[in-house]
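Got a protein model open and not sure where to start? Let's go through it together, one question at a time.

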Amino acid sequence: MNKKSFIVLLMVLMLGSAVFAEEIGNDAKLIYNQGVELYKMGEYERSMEAFNKAVKLAPNYIDAYYNLGTVLEKLEQYDSALTVFKQIIVRKPDDYEAVYKAALLSSKLGEIDNAKSYLSIIPQSAPIAPKAQELANMLQTDMQTIKAQAKEKESAKTPVTQSNNVYNGIPSPTGITTDIQGNVYVAGFSNNTIYKITPQGQKIVYIKDVRVNGPIGMVSDADGNIYIANYNNNNVLKISSAGEVSVLLSNVQKPYGLHIAGNVLYVSSQGSNSVVKYVL
C-alpha cells in the first residue's frame, strides 16, 4: 500500500506532510481527521467533502490532497482524481507516489502518452519504481524505453524558418531568454513547452514537463539556470543548467514578469498586485 493509503492513516492518523506542517492549522487537521473517520464508515461522498474543505483551509495539505484523490479514484471519477494528484505534483514535484497515481489515472482515461510522460519522471531509486515498472508493462513497454523515448523527444531538432531576422514557426511564444552560448529559449504558452533555438537555427524541445503549465516570463542567471513564471499553476519553476525541473516558489498568484539583479529574483504577481523578491 502507498504510504498515504487509508490503512496507514487508520493506524497513525497522519496530520499532514512534514514539509508543510507549519502551514496547516488545527481546523484543517480536524476536518481532515473527520474525513478519515467518514471513510472508515463507508461515507465516501462525505469523506470527499471533508478532504475538500481541508485543502481549501490549507492549500498545501499534501495528505489531504492525496486522500481526496484516492476517494475520487475509488468512486471512479478518474478525471477529477487526476486533477487532484496534479495539485500534489505542483506543490511537491518529488512526490513520486503522486506522479505514479497521475500516470495510472491517465492510463485509465486512455491518455497513454500522458501516462508515459508521468512515468518518465519517476527515478529508478524511488520506492514506487517497481509499481511504475508494472504499469509500464501494462502499457506494453518498460521504464527504460519510456525514459529513452522522453529523452529522444526532448532532443528532437526541428529547423526554424528564419527570414529578415525573424524566427517563425514557434507556437504561442511568450517569455524569452538567452544563455552565454548564444542559445535562445522561448516559452510556448499554448502547449506548455520550452523551446531552445541554437545559434545554427535549430529548434529543440528543451522542456516538456507536466509541471510546466502556462509559462510566460522567463529569465536566466549567470550559472545557466532558467526561471519560468508558471502562470496557470501560480508558481515559479527553475530549470537547472542540466535541464532538471523543480518548483522554486509556490503560491505566487499569477506570476508574470521575471527579472534578476545579482543574486535576487524579482517576480511580478498579477494576482496579488505585488512584486515578490527572492534571494537565489
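**Cores, sheets and two residues**

The largest nonpolar core in this predicted model has 48 residues, and those with the most contacts inside it are Tyr61, Leu119 and Ile122.

Q: Which helices each supply at least two residues of this core?
A: Several helices chip in here, and H6 is one of them. Written out, the contributors are helix H2 (26-40), helix H3 (44-57), helix H4 (62-74), helix H5 (78-91), H6, helix H7 (112-119), helix H8 (129-138) and helix H9 (143-155).

Q: How many residues are in the other core, which lies apart from the largest one?
A: This other core includes Tyr206, Ile226, Leu237 and Val245. In soluble globular proteins, nonpolar side chains tend to be buried together. The count for this core is 13 residues.

Q: What share of the protein chain counts as buried?
A: The chain has nine helices and 14 strands. About 13900 Å² of it is exposed, with carbon and sulfur atoms supplying 50% of that area. Out of 280 residues, the buried share is 47%.

Q: Is Ser106 buried or exposed?
A: Look for Ser106 in helix H6, which covers residues 96-108. Leaving aside neighbours within four places in sequence, Ser106 is in contact with Leu82, Glu111, Asn114, Ala115 and Tyr118. Its relative accessible area is 0%, and buried means under 20%, so Ser106 is buried.

Q: Which strands stand at the edges of the open sheet of four strands?
A: The order in this sheet is S8-S9-S10-S11, with antiparallel pairing. On average, neighbouring strands are turned by 30° against each other, direction ignored. An edge strand has a single partner strand, so one side of it is left without a neighbour in the sheet. That describes S8 and strand S11 (245-249).

Q: Which residue in S11 stands opposite Leu237?
A: Strand S10 (residues 235-239) and S11 run antiparallel and are joined by four bridges. Leu237 also turns up in the core of 13 residues. Across from Leu237 in S11 stands Val247.

Q: Where is Asn225?
A: Asn225 counts as buried, with 10% relative accessibility. Its C-alpha atom is separated by 9.5 Å from that of Glu244, 19 residues apart along the chain. As for its place, Asn225 is in the loop between strand S8 (215-220) and strand S9 (226-230).

Q: Which residue's backbone nitrogen does the side chain of Asn225 reach at 3.2 Å?
A: Leaving aside neighbours within four places in sequence, Asn225 is in contact with Val219, Ser220, Lys238, Ile239, Ser240 and Ser241. The backbone nitrogen reached by the Asn225 side chain at 3.2 Å belongs to Ser241.

Q: What is the average twist from one strand to the next in the open sheet of three strands, S12-S13-S14?
A: Pairing in this sheet is antiparallel. Its edge strands are strand S12 (255-261) and strand S14 (274-279), and each pairs on one side only. From one strand to the next, the twist averages 20°.

Q: What is the bridge partner of Val264 in S14?
A: Strand S13 (residues 264-269) and S14 run antiparallel, with six bridges joining them. In S14, the partner of Val264 is Val279.

Technical notes: Residues numbered from 1 in each chain as written. Predicted model: local features only at pLDDT ≥ 70, side-chain atom pairs only at ≥ 80, totals over all residues. Heavy atoms only, no water. Buried < 20%, exposed > 50% of the residue type's maximum accessible area, 1.4 Å probe, protein only. Contact = heavy atoms within 4.5 Å. Polar contact = N/O pair within 3.5 Å; in protein donor to acceptor, adjacent residues only side chain to side chain. Areas by Shrake-Rupley, 256 points an atom, 1.4 Å probe, with all protein chains shown as cover. Pairing = 2+ DSSP bridges. Axes fitted to C-alpha atoms, helices over the stretch in contact; angles between N-to-C directions. Core = buried A, V, L, I, M, F, W, Y, C linked by side-chain atoms within 4.5 Å.
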